[in-house]
Amino acid sequence: MRNLLVMLSGARPEILEQCPSDRVKFESLGWALVINSALNVVSMWFVLAGPLGFNGFLAVLPALAWGFVILGIERWLITSLPPRGTSRLLMALPRLLMALLLGLILSTPFTLRIFQSEITAQVAVIRQQTTAEYIQTVQQSSLGQAVQRYQSEIAQLQQIIDKGPKTAGYQQAKALLPTTLSQLSTAQSQLTRAEAQASTVAKSDNGLLVQIQALDQLAGRNPTLQAARLLVFLLFLVIGTLPLTVRLLQRPGVYEELLQRIEEQYL
């Protein structure tokens with residue numbers, strides 16, 4: 001296991017054997033990579049098995065694949081960093097930005113998972129609001145306007161018929177009433193189906209974006225939740241940038257000195 005951690009850290013074993021005091025440093029760096037990669041596996045599984053609706057067992061393989069991708073990227077970020085020199089910090093800036101982006105990707109699913117119960121309740125409220133908006137849109141559409149027009153025509157025809165046979169237009173109104181009633185029934189059926197479809201679409205919306213929207217709405221009304229959300233977010237953001245941070249905080253030792261001299265000999 002210790003040799004695997006050293007290999008993940010990017011250290012050259014033949015050089016590290018000559019300076020065993022530096023071995024712990026690279027093992028710690030390897031652990032940082034393993035922890036970060038494992039958390040990314042869990043994070044991706046949360047996304048796949050949650051908002052995206054994948055089967056929990058089937059989501060394991062793509063989550064593991066994502067963990068290996070993150071492991072490869074993080075390993076490149078730390079191994080491509082110069083061990084010493086004035087250009088070390090300058091070269092670390094773009095790598096730090098990329099590490100922050102990866103940390104952001106890591107922290108979001110964990111934040112949503114931790115506040116899942118609150119988010120679920122707020123998503124139900126959002127669905128009700130969305131359903132009402134959809135239904136209102138359908139009722140204001142040409143189909144809803146047709147229903148209102150047929151209802152108005154039927155009311156007018158019925159008034160003429162109620163006045164009796166001596167009323168002007170009585171026969172015409174009596175002949176038009178069944179046709180208009182049939183048209184109204186057809187339009188109302190289509191309107192009902194459209195409203196049901198709109199309601200189904202609103203209720204089926206349980207994706208990642210609506211959950212983030214629900215958390216934003218809750219945090220906007222509750223300062224305590226906002227503070228807790230920020231702390232959780234920053235925690236996993238720090239963990240996401242852990243490998244590069246550990247590498248930057250490590251002071252160059254005997255290993256780096258030997259590595260530089262061997263590279264000079266190669267040159």
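Is Tyr255 buried or exposed? At 3% relative accessibility, Tyr255 counts as buried, because buried means under 20% relative accessible area. Keep that in mind as you look through these close-ups of a predicted model.

**View 1. Phe26 and Tyr255 meet as an aromatic pair.** Searching the whole structure turns up four aromatic pairs. In the one shown here, Phe26 and Tyr255 sit edge-to-face, with 4.7 Å from centre to centre and 65° between the planes. Phe26 belongs to helix α3 (residues 23–49) and Tyr255 to helix α12 (residues 254–266), so this pair ties together parts that are 229 residues apart in sequence. Like its partner, Phe26 is buried, at 2% relative accessibility.

**View 2. Phe46 and Phe110 form another aromatic pair.** Their ring centres are 5.5 Å apart and their planes stand at 80°, so this pair is edge-to-face. Distant parts of the chain are linked here: Phe46 lies in helix α3 and Phe110 in helix α5 (residues 87–114), 64 residues apart. Both Phe46 and Phe110 are buried. Widen the view a little and you can look for Trp45 and Phe236, which join Phe46 and Phe110 in one aromatic cluster.

**View 3. Leu191 sits in helix α8.** This helix covers residues 170–204. Leu191 has a relative accessible area of 12%, so it is buried. Which residues does Leu191 contact, leaving aside its neighbours within four places in sequence? They are Val138, Gln139, Leu143, Gly144 and Val147. For a sense of scale, try finding Ala49: its C-alpha atom and that of Leu191 are separated by 35 Å, and the two residues are 142 residues apart along the chain.

How values were computed:
Residues numbered from 1 in each chain as written. Predicted model: local features only at pLDDT ≥ 70, side-chain atom pairs only at ≥ 80, totals over all residues. Heavy atoms only, no water. Helix = DSSP H or I, 4+ residues; strand = E, 2+ residues; numbered from the N terminus. Buried < 20%, exposed > 50% of the residue type's maximum accessible area, 1.4 Å probe, protein only. Contact = heavy atoms within 4.5 Å. Phe/Tyr/Trp six-rings, centres within 6.5 Å; stacked < 30°, edge-to-face > 60°.
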